[in-house]
Amino acid sequence: MTLPFFPPDLFDHDRDVLLETVYRIGTGAGQRFILGDRTAAFEQALRLQLGAADVVACGSGTTALTLVLRAMGVGAGDEVVVPAFGCAPLASSVISVGATPVFADVHPWTMVVEPYEVESAISGRTAAIMPAHMFSVMADMPTMRELAIRHGVRLVEDSAVAQGGELAGLQAGRWGDAGVFSFVQVKTFGSIGEGGAVVTDDAELGRMVRMLRNHGQDGHTRFVHHVVGHNSRFDEVMADFQLHRLPGLAARLRRRAEIADYYTERFAPLVERGVQPPPPGRDGRCFYVYSLLAERRDDLKRHLATRGVGSHVYYPAPLPAQPAFAPYARPGQYWPHAELASARTLALPIYPHLTDAQVEHIADAVCDFPGSPR
């Protein structure tokens, strides 16, 4: 049995629909391939599902973060507090608007940024805090919201991996002044290419993001550029395809959660062998990636490969240790939990079309690993 970490058949069941969509839009009389009726319908569908005031579809989750920061007026001289462990856009989006990322350490088990670390990083120059949901655990957004209000800073929720997640009755993406989603292939609502969205209840913020994504145009009068914008426009083929797939998202998320529940139950006894599953439960969970913490991570990865199970190491170095972002790291500051996460995390397959037999095989392979007796 060979089970790759990145499945090559995510859209096999939708292939005919995709081909029909490409043909229909490609041969349409309007020849509108970006920011057309399908994009507007997709944004409206997400607005209704989320109960948000505005959803703005963008070219990627990365540019969605950048557009939000630009729309907030974050720029030179400002600081934005971001997790020290996570994807590059957490730092690069801040730098791209001329601001400075300030790195905060993460929780040693959940790998999401610690609220007290965020608070200690807030200064008189802080314009925003930008917590990120990580793997299968949402950040502590109620506390983050309270911090943002108390310190008078903006709250940007990097919910790129967490679409469909819910914490304390509120969906991911709805906790901050703005949230972002990513539709890159392997995300929970992944699609056939790049894409993302900004979610906000702030009408003015939504209006500015909408202009910034399209070279500063207001969507009504072409070639009148109100601000210096970006090219972050959404594709009509993907909008139509995502509309087709949206009704099935809830079922796919349930299947991911079922797989995660099974894994966590099977792996709980492995703590004594140096293999730690994520916390159990479903509140504040998103199940984009199911990631273990293993003291002998590389040995476990090789062991799984011999059993035909693919795995993946996300973020093998913390952001402040990356060459691109090291110049922004404060001298003498350390992020020990981010360092540990980079050395120990290993993600397992959790895509929703895994069969029960395949899931059991993956769990058996992990449980067969001898680990590190304590």
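Phe 5, Phe 6, Phe 85, Phe 135, Tyr 288, Tyr 314 and Tyr 315 come together as one aromatic cluster. Welcome to this structure, which is a predicted model. Across the structure there are 18 aromatic pairs. Below, we look at one of these pairs, then at two helix contacts that share helix α8, and finally at helix α11.

**An aromatic pair**

- The ring centres of Phe 42 and Phe 189 are 6.3 Å apart, and with 40° between their planes the pair is tilted, because that angle is neither under 30 degrees, which would be stacked, nor over 60, which would be edge-to-face.
- Phe 42 sits in helix α2 (residues 37–50), while Phe 189 belongs to the loop between β8 (178–182) and β9 (196–200), so this pair ties together parts that are 147 residues apart in sequence.
- Both Phe 42 and Phe 189 are buried.

**Helix α1 with helix α8**

- Helix α1 (residues 15–26) packs with helix α8 (residues 236–245) at an angle of about 140°, and their axes are 9 Å apart.
- That angle makes α1 oblique to α8, because only angles over 145 degrees would count as roughly antiparallel.
- The two helices, α1 and α8, make a right-handed crossing.
- On the α1 side, the contact is made by Val 17, Leu 18, Thr 21, Val 22, Arg 24 and Ile 25.
- On the α8 side, the residues are Glu 236, Val 237, Asp 240, Phe 241 and His 244.
- Sorted by class, this contact of α1 with α8 has 6 nonpolar, 2 polar and 3 charged residues.

**Helix α2 with helix α8**

- Helices α2 and α8 pack with their axes 8 Å apart, at an angle of about 40°.
- These helices, α2 and α8, are therefore oblique to each other.
- The crossing of α2 with α8 is left-handed.
- From α2, the contact draws on Asp 37, Arg 38, Thr 39, Ala 41, Phe 42 and Ala 45.
- From α8, the contact draws on Glu 236, Ala 239, Asp 240, Gln 242 and Leu 243.
- By class, the contact of α2 with α8 has 5 nonpolar, 2 polar and 4 charged residues.
- Phe 42 thus appears twice in this briefing: it is part of the tilted pair with Phe 189, and it is one of the α2 residues in contact with α8.

**Helix α11**

- In helix α11 (residues 336–344), the buried residues are Ala 338, Ala 341, Ser 342 and Arg 344.
- These buried residues of α11 pack against β11 (290–294), α10 (297–306) and β12 (345–348).

Technical notes
Residues are numbered from 1 along each chain as its sequence is written. This is a predicted model: local features need pLDDT of at least 70, side-chain atom pairs count only at pLDDT 80 or more; totals for chains, interfaces and linings use all residues. Side-chain values use heavy atoms; hydrogens and water are left out. Rings of Phe, Tyr and Trp (its six-membered ring) pair if their centres lie within 6.5 Å; planes under 30 degrees apart count as stacked, over 60 as edge-to-face and the rest as tilted. Helices (H or I, at least four residues) and strands (E, at least two) are DSSP runs, numbered from the N terminus. Buried means under 20% relative accessible area, exposed over 50%, partly exposed in between (1.4 Å probe, protein chains only). Axes are lines fitted to C-alpha atoms, for helices over the stretch in contact, and angles run from 0 to 180 degrees between N-to-C directions. Angles under 35 degrees count as roughly parallel, over 145 as roughly antiparallel, 65 to 115 as roughly perpendicular and the rest as oblique. A crossing is left-handed if the near helix is turned anticlockwise from the far one by less than a right angle, and right-handed if clockwise. Contact means heavy atoms within 4.5 Å. Ala, Val, Leu, Ile, Met, Phe, Trp, Tyr, Cys and Pro count as nonpolar, Asp, Glu, Lys and Arg as charged, and the others, Gly among them, as polar.
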